[in-house]
Amino acid sequence: MKKIFAKYKWLLIALLMISIIAVPMVVNTLFKFSSNFSAEWSAGDALSYVSGLQALLGTIILGIITVEQGQDAQEVNRRLSEENNRLQKIMAQKLLPAVKLTNPSCKPTVLHRGALSYVPQSKQFRIIRSYYGDSVQHETSEIRVNIDSLVEEIKYIKTIEFSLQNISESIIRHIQVDSVDIVGFQGKTELVECRKFGQGGIGTLLATGDSVDVSLKLYSNNAIYKELWDDDLAGVAVVMHLTNTTISGTTFSEYIEFGMQNNGHYHINYGEPLKQTGQVKLD
């Protein structure tokens with residue numbers, strides 16, 4: 001209120017002086033001293049008109065105050081909403097992981113024969129929805145990662161299947177995969193950072209405890225990858241960087257690092273999105 005009066009102080013003073021002092025004096029003077037002034041209404045009627053005019057001015061002033069207060073309230077609500085989203089994000093980051101990788105399994109490496117559709121170029125990946133038996137009841141999200149090959153020269157395909165489970169207290173409506181990194185094996189391969197091709201992510205409503213099935217397919221034409229993928233002690237090492245969006249629009253990020261060996265052993269690590277290039281030592 002003080003801000004409003006400070007902003008329109010001189011205008012309000014001028015309106016009050018005119019309506020309270022100047023207008024009644026002018027009306028009184030016209031009726032008292034001017035013989036040429038004639039009207040079918042009395043001085044009381046004129047003053048009643050002035051009183052109505054003053055009420056109108058008061059209503060206008062109150063309208064200005066209401067508009068200003070509404071704008072201030074809107075700004076306060078905006079700041080509170082931003083602060084609430086920020087606090088939700090901080091709370092979610094403290095509860096990492098918000099999305100947990102469960103039930104991982106590693107399929108044997110297969111030789112590619114025939115054409116592949118929806119495969120990105122080298123060092124890229126794309127996400128598509130796949131249905132087993134043409135039924136939405138058996139839906140999975142496929143992340144197709146092209147490590148080092150031209151689309152028409154793919155030789156080897158390695159598949160890792162797992163689920164992403166929401167273990168946060170918020171409903172997650174979208175999981176954005178920002179990058180898929182194939183971790184290098186010391187002395188044999190280097191880290192390969194694959195970027196997303198096209199739009200989209202894993203769009204699904206996940207309440208606390210709900211899961212979405214994911215199939216990670218790795219494509220390569222390098223025999224060294226096939227050798228590592230088939231080695232019991234080597235297998236596959238991947239880092240996925242995710243941006244998770246809740247139903248309220250709050251976003252927060254995490255990475256999931258996991259290694260899958262063909263002897264059934266695996267390890268999974270979680271953390272905040274601090275990009276690091278790394279090597280995994282081959283035993």
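The protein exposes about 16700 Å² of surface, and carbon and sulfur atoms supply 55% of it. Keep in mind that you are looking at a predicted model. Of its 283 residues, 33% count as buried. The chain forms four helices and 14 strands. Many contacts bridge long stretches of sequence: among those between residues at least 6 apart, 75% join residues at least 24 apart.

Now let's look inside. In soluble globular proteins, nonpolar side chains tend to be buried together. Here, the largest nonpolar core has 33 residues, and those with the most contacts inside it are Ile143, Leu164, Val180, Leu216 and Phe258. Strand S6, which runs over residues 172-182, gives the most to this core, with five residues. Ile143 is a good place to pause. Leaving aside neighbours within four places in sequence, its contacts include Phe125 and Ile127, Val177 and Val180, Val214 and Leu216, and also Met240.

From the core, move on to helix H4, residues 223-230. Which of its residues are buried? They are Tyr225, Leu228 and Trp229. Seen down the axis of H4, these buried residues fall within an arc of 100°, so they line one face of the helix. An α-helix has 3.6 residues a turn, so residues three or four places apart point the same way. The buried residues of H4 pack against several strands, among them S5 (156-166), S6, S10 (211-220) and S11 (236-246).

Finally, look at the N-terminal end of H4, which Asn222 caps: one of its side-chain oxygens lies 2.9 Å from the backbone nitrogen of Ile224.

Key
Residues are numbered from 1 along each chain as its sequence is written. This is a predicted model: local features need pLDDT of at least 70, side-chain atom pairs count only at pLDDT 80 or more; totals for chains, interfaces and linings use all residues. Side-chain values use heavy atoms; hydrogens and water are left out. Helices (H or I, at least four residues) and strands (E, at least two) are DSSP runs, numbered from the N terminus. Buried means under 20% relative accessible area, exposed over 50%, partly exposed in between (1.4 Å probe, protein chains only). Contact means heavy atoms within 4.5 Å. Accessible areas come from the Shrake-Rupley method with a 1.4 Å probe; for residues, only the protein chains shown count as cover. A nonpolar core is a set of buried Ala, Val, Leu, Ile, Met, Phe, Trp, Tyr and Cys residues joined through side-chain atoms within 4.5 Å. The arc is that of the directions from the helix axis to the C-beta atoms. A polar contact is a pair of N or O atoms within 3.5 Å; within protein, one must be able to donate a hydrogen and the other to accept it, and residues adjacent in sequence count only if both atoms are side-chain atoms.
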